[in-house]
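Welcome to this guided tour. Please open your viewer, get your selection tool ready and follow along stop by stop.

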Amino acid sequence: MSSIKKKKHVSKKNKKAWRKYCDITDVEEFLEDQRLEERLGKFDVKPDSELFVVDTGGEIKTEEDVKPLSAKLLKRANLPATPKCYEVLLPSSKVPDPNAKRNIVKQIGSKPTALSKLTEKRRFEKGVYQKKIELARKNRRIALDKKRKNKQIKQNFGLDLWGNDLPEAKGIPETLVDEFIPPEAQIHNVLPEQRLRPKPPLSKTLMTRTAVERPHPGVSYNPSFQEHQELLQEVVNHEKKMMKKEAHLLRVTNGMFRKVTPQEKENQWKEEMTMGLPQPHNPATNPSDSETDNEYKAINPPVKNKKKDHKARRKQRERIEERERLKREKINKKKITDIYKLRKLETLITKKEKRDALTRSKRAVKKAVTAETAVPKINAHKTPLKEPDFVSPEQLSGDLRKINSTTNLLRDRFESLQRRGALAASKVMMKKKRKLKAYFKAGHKVTENDIQRYVDKKAGKVSKKKTKLLKA
């Protein structure tokens, strides 16, 4: 006997309770079916052509009987079909548009405007489209030629059977020397140390300098008199150049400002600060009131409005006219002289152009030579220049035992590697030592001995400073 489930009475005064205790599955199923019919269409409304298929083909053709289409024909067959990228934009629902009289909005550019027609006409008259077609044909021709060259079969008719081009000489094993095995496979099986590797390309910066710079013969421990004098002249010229450069820097920096003594500087400062203030009474410069008259004199006396008569105005007008006449005569005279100077100016211009052209050619040659022998730029630092070595005549001994080295060999080789581009130019970085200031921290553990030691230490430092100043 089946037990009858007792009906449960619950309160349904809220919307939450209605959702919890009401069974609406049948309503949801009905609505889901209705939506499905709206999307796919009702069976009673659909025509028979959509529901049934009439078999008019007869016997089923197998895949072997059907000839596959070529790629070209397959593309032509798929032309009317909608592209995959536009399938998302197409409507997937069968629900009709509720607004039957909706305005169709055309895409921008679908209908040519008057301005676009005019622009296309102008481009066609200029030949822009024709140029594009010719360029496309040219690019297509170049691509075909390139493809044809890549497809050419590699044939080697210059093989010397008795020379070093034999496969055995190249390191190919005897088991792989066969006419049926292609040469790529033969070379692939060669040992790595015997494999033919492609020659690496030359570097962009060709080093035209010698590997190691040869020193001047005058640097020798036993040089000839002439070589020693030549080296001495080079050192003198180098020193003169450096002194000239130093003098120039001094002239354009410190030499631009005049030197004044501290007293003059103080007087200038006092004069500038007291500018506009009432000056104190000085009997040497200002005479006393007894020497001058008691007559009142204004600082800005009143100006009398004295009118000019006709004669004065006529004279003034004549002076202005005479000045203008002389000015015009000077300008006309200068024009005539400039006309006579045309030939001279022309010769000067031609000479200057020739001189400038010669200077430009010399600079180009010098620049080319410098570029050939220049050190490759590896980093931002400048390459150190070579300083000329020189041994004074007093130090020349003619014996290697008594000679003294003037340069550091390790530093010299290091800078040589930088000048030849083997190493990147470096810069000497000196770390500054921090000056730590000492303080005396008072505390309950500090004794009188600690305080005395600290005071003595400070006094010792002060006394050292004083002694240094006195010695200086």
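The stops below go from the whole chain to single helices, charged patches and salt bridges.

**Stop 1: the whole chain**

Before you start clicking, keep in mind that this is a predicted model. Show the protein chain as a cartoon and look for its 13 helices; the number of strands is zero. Walk along the sequence and you pass one helix after another, in the pattern α-α-α-α-α-α-α-α-α-α-α-α-α. Now colour by burial: of the 472 residues in the protein chain, buried ones make up 4%.

**Stop 2: helix α5**

Select residues 114–126, which form helix α5. What span should its 13 residues have at 1.5 Å a residue? The expected value is 18 Å, and the end C-alpha atoms are 19 Å apart, which agrees. Is this helix tucked away or in the open? The number of buried residues in α5 is zero, so the helix lies largely in the open. Step just past its end to Gly-127, which follows α5 and has a positive phi, near 90°.

**Stop 3: a negative patch**

Next, select Asp-23, Asp-26, Glu-28, Glu-29, Asp-33, Glu-37, Glu-38 and Asp-44, which form a negative surface patch. Pick Asp-33 from this group and you land in helix α2, residues 25–40. Asp-33 has a relative accessible area of 46%, so it counts as partly exposed.

**Stop 4: a positive patch**

For the opposite charge, select Lys-307, Lys-308, Lys-311, Arg-313, Lys-315, Arg-319 and Arg-323; together they form a positive surface patch. Zoom in on Lys-315, which sits in helix α10, residues 310–340. Lys-315 is partly exposed, and its relative accessible area is 38%.

**Stop 5: salt bridges along helices**

The structure holds 12 salt bridges, and three of them make good stops for side-chain viewing. Before you look, here is a useful idea: an α-helix has 3.6 residues a turn, so residues three or four places apart point the same way.

- **Asp-338 and Lys-334.** Stay in helix α10, where these two lie four residues apart, about one turn of the helix. Their side chains meet in a salt bridge, at 3.5 Å from N to O. Asp-338 is partly exposed, at 33% relative accessible area, whereas Lys-334 is exposed, at 53%.
- **Arg-419 and Glu-415.** Move to helix α12, residues 409–419, where this pair is four residues apart and separated by about one helical turn. The closest N and O atoms of their salt bridge are 3.9 Å apart. Are these partners buried or exposed? Arg-419 is buried, with a relative accessible area of 9%, and Glu-415 is buried too, with 18%.
- **Asp-450 and Arg-453.** Go on to helix α13, residues 448–471, in which these two are three residues apart, again about one helical turn. Their side chains meet in a salt bridge at 3.0 Å, N to O. Asp-450 is partly exposed, at 26% relative accessible area, and Arg-453 counts as exposed, at 54%.

**Last stop: a network**

To finish, select Glu-322, Arg-325 and Glu-329. Which kind of contact joins them into one network? They are linked by salt bridges that share partners.

Conventions:
Residues are numbered from 1 along each chain as its sequence is written. This is a predicted model: local features need pLDDT of at least 70, side-chain atom pairs count only at pLDDT 80 or more; totals for chains, interfaces and linings use all residues. Side-chain values use heavy atoms; hydrogens and water are left out. Patches are made of residues with over 30% relative accessible area and no salt bridge: like charges are joined within 9 Å, nonpolar side chains (Val, Leu, Ile, Met, Phe, Trp, Tyr) within 5 Å. Accessible areas come from the Shrake-Rupley method with a 1.4 Å probe; for residues, only the protein chains shown count as cover. A salt bridge is a side-chain nitrogen of Lys or Arg within 4 Å of a carboxyl oxygen of Asp or Glu. Lys and Arg count as positive and Asp and Glu as negative; His and the chain ends are not counted. The place of a charge is taken as NZ of Lys, CZ of Arg, CG of Asp or CD of Glu. Buried means under 20% relative accessible area, exposed over 50%, partly exposed in between (1.4 Å probe, protein chains only). The expected span of a helix is 1.5 Å times one less than its number of residues.
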